[in-house]
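Got a model open and not sure how to read it? Let's go through it together, one feature at a time.

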Amino acid sequence: MREIAFIKQNKEKWLEFELAIFGKAKKNPDELANLYIQMMNDLSYAQTYYPKSKTVVYLNHLASQIYQKIYKTKRAEKNRFLEFFRTEVPLLVYEYRRYLLYSFVLFFITVGIGVISARYDINFVRLILGDGYVNMTLENIKKGDPMAVYASGSNWGSFIGITMNNLYVGARCYIYGLFAGIGTFYIAMQNCIMLGAFQYFFYEQGVFWKSVRGIWIHGSMEIFAIVIETAAGFILGASILFPKTFSRVNSFKIGFKNSFKIFLSTFPFTIGAGFLEGFITRYSIDMPNVLSSFIILLTLGIISFYYLVYPFIVHKKTQQLSAKLI
């Protein structure tokens, strides 16, 4: 069957699926399960005969949305908070995994731009970080404690202030996706160039390892969370620019709902990073290398596993469950 005939034959049924997903047509769990089985059959057919077409992308998206609706109905009696992080977010991260790739590519390129700019322009670091901060840090380096800035203020005061600032930065990365993703691109680029220049500055001063031990105790989760928030902003922007087979309004509704959930999932990591910066980083200069390295690797490992590995595990389990339903 030609793809056009396949679409024409099933178009009305797929529109019914959309109504069920958006809540405009009330369906009980059994009806949703039946729709899901039909959708998986159509998806399987499309993957076999039209593997590179937009129809496959469209049907895969509908199938995942129906599955989530069924899953949430069946799990309603369980802890909603745990299910959000254990199943819902990982499935969304897997679905939008290419946007995480775009975000990481942007991160590494712009950090590299910051490093190169700082290396070949002696005024670049001062331009980015400001004369006051650079002069203060140079004085701290002379005193033998390049990370002394993190020891200023009280533990709780630093924790609250830092966390609020990091949440604000993350929110800007995400919300600016409303400007067709361009705003998200600009905010992410600005922060990553600053990070590259900041890190090279310590390398140039001969205290690179000391800076790594201090900055990345909290930075592993803080920076990684910003990368994820950037991806969420790109998803939001793409829902406006590329509605695919949906109307632009419905595409935006789906994009906003899904990207906002991914954005919300970064909050525990951002708060955790703020806690580490307020209570732990200030003691990095006195820590054994083994301990500071362990904290960095542990925090990086946790957030990397959650966003880069765990979504594939959840997706695989979902596929196995789908096979049993069919």
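What follows is a short back-and-forth about a predicted model.

Q: Let's begin with the overall fold. How many helices and strands does the protein chain have?

A: Start by listing the secondary structure elements in order. Here the protein chain has 13 helices and zero strands, so the pattern along the sequence is simply α-α-α-α-α-α-α-α-α-α-α-α-α.

Q: And how much of the protein chain is buried?

A: Count a residue as buried when its relative accessible area is under 20%. Of the 326 residues in the protein chain, 48% are buried.

Q: How do I read a single helix, say helix 12?

A: Check its span first, then its burial. Helix 12 covers residues 267-279, which is 13 residues, and reaches 18 Å from its first C-alpha to its last. That is close to the 18 Å expected at 1.5 Å a residue. Its buried residues include Phe269, Leu276 and Phe279, along with the glycines Gly272, Gly274 and Gly278. A charged residue, Glu277, is on the buried list too.

Q: Now salt bridges. How many are there by the rule used here?

A: The idea is a side-chain nitrogen of Lys or Arg within 4 Å of a carboxyl oxygen of Asp or Glu. That gives four salt bridges. In one of them, arginine 86 pairs with glutamate 83 at 2.3 Å, N to O.

Q: Why are arginine 86 and glutamate 83 separated by about one helical turn?

A: An α-helix has 3.6 residues a turn, so residues three or four places apart point the same way. Arginine 86 and glutamate 83 are three residues apart in helix 4 (residues 80-95), and therefore about one helical turn separates them.

Q: Are the two partners, arginine 86 and glutamate 83, buried or exposed?

A: Take them one by one. Arginine 86 counts as partly exposed because its relative accessibility is 40%. Glutamate 83 has a relative accessible area of 6%, so it is buried.

Q: Which residue does glutamate 139 form a salt bridge with?

A: With lysine 142, where the closest N and O atoms are 3.9 Å apart. Both residues sit in helix 7 (residues 131-142), three residues apart, again about one turn of the helix. Glutamate 139 is partly exposed at 40% relative accessibility, whereas lysine 142 is exposed at 68%.

Q: What about aspartate 131 and arginine 126?

A: Their side chains also meet in a salt bridge, at 3.2 Å, N to O. Aspartate 131 is partly exposed at 46% relative accessibility, and arginine 126 is partly exposed at 30%.

Q: Let's turn to the surface. Which residues form the positive patch?

A: For a charged patch, look for like charges on the surface. Here Lys54, Arg97, Arg98 and Lys244 make up a positive one. Lysine 244 is in the loop between helix 10 (208-241) and helix 11 (248-265), and it counts as exposed because its relative accessibility is 53%.

Q: And which residues form the nonpolar patch?

A: Now look for nonpolar side chains on the surface. Leu101, Tyr102, Val105, Ile109 and Ile113 form this patch, with about 460 Å² of accessible area together. Isoleucine 113 is in helix 5 (residues 97-120) and is partly exposed, with a relative accessible area of 37%.

Q: Last one: how far apart are isoleucine 7 and threonine 55 in sequence and in space?

A: Compare the two separations. In sequence they are 48 residues apart, and in space 8.0 Å, C-alpha to C-alpha. Isoleucine 7 lies in helix 1 (residues 3-21) and is partly exposed at 30% relative accessibility.

How values were computed: Residues numbered from 1 in each chain as written. Predicted model: local features only at pLDDT ≥ 70, side-chain atom pairs only at ≥ 80, totals over all residues. Heavy atoms only, no water. Patch = residues over 30% accessible without salt bridge, like charges linked within 9 Å, V, L, I, M, F, W, Y side chains within 5 Å. Areas by Shrake-Rupley, 256 points an atom, 1.4 Å probe, with all protein chains shown as cover. Lys, Arg positive; Asp, Glu negative; His and termini not counted. Charge placed at Lys NZ, Arg CZ, Asp CG, Glu CD. Helix = DSSP H or I, 4+ residues; strand = E, 2+ residues; numbered from the N terminus. Buried < 20%, exposed > 50% of the residue type's maximum accessible area, 1.4 Å probe, protein only. Expected span 1.5 Å × (residues − 1).
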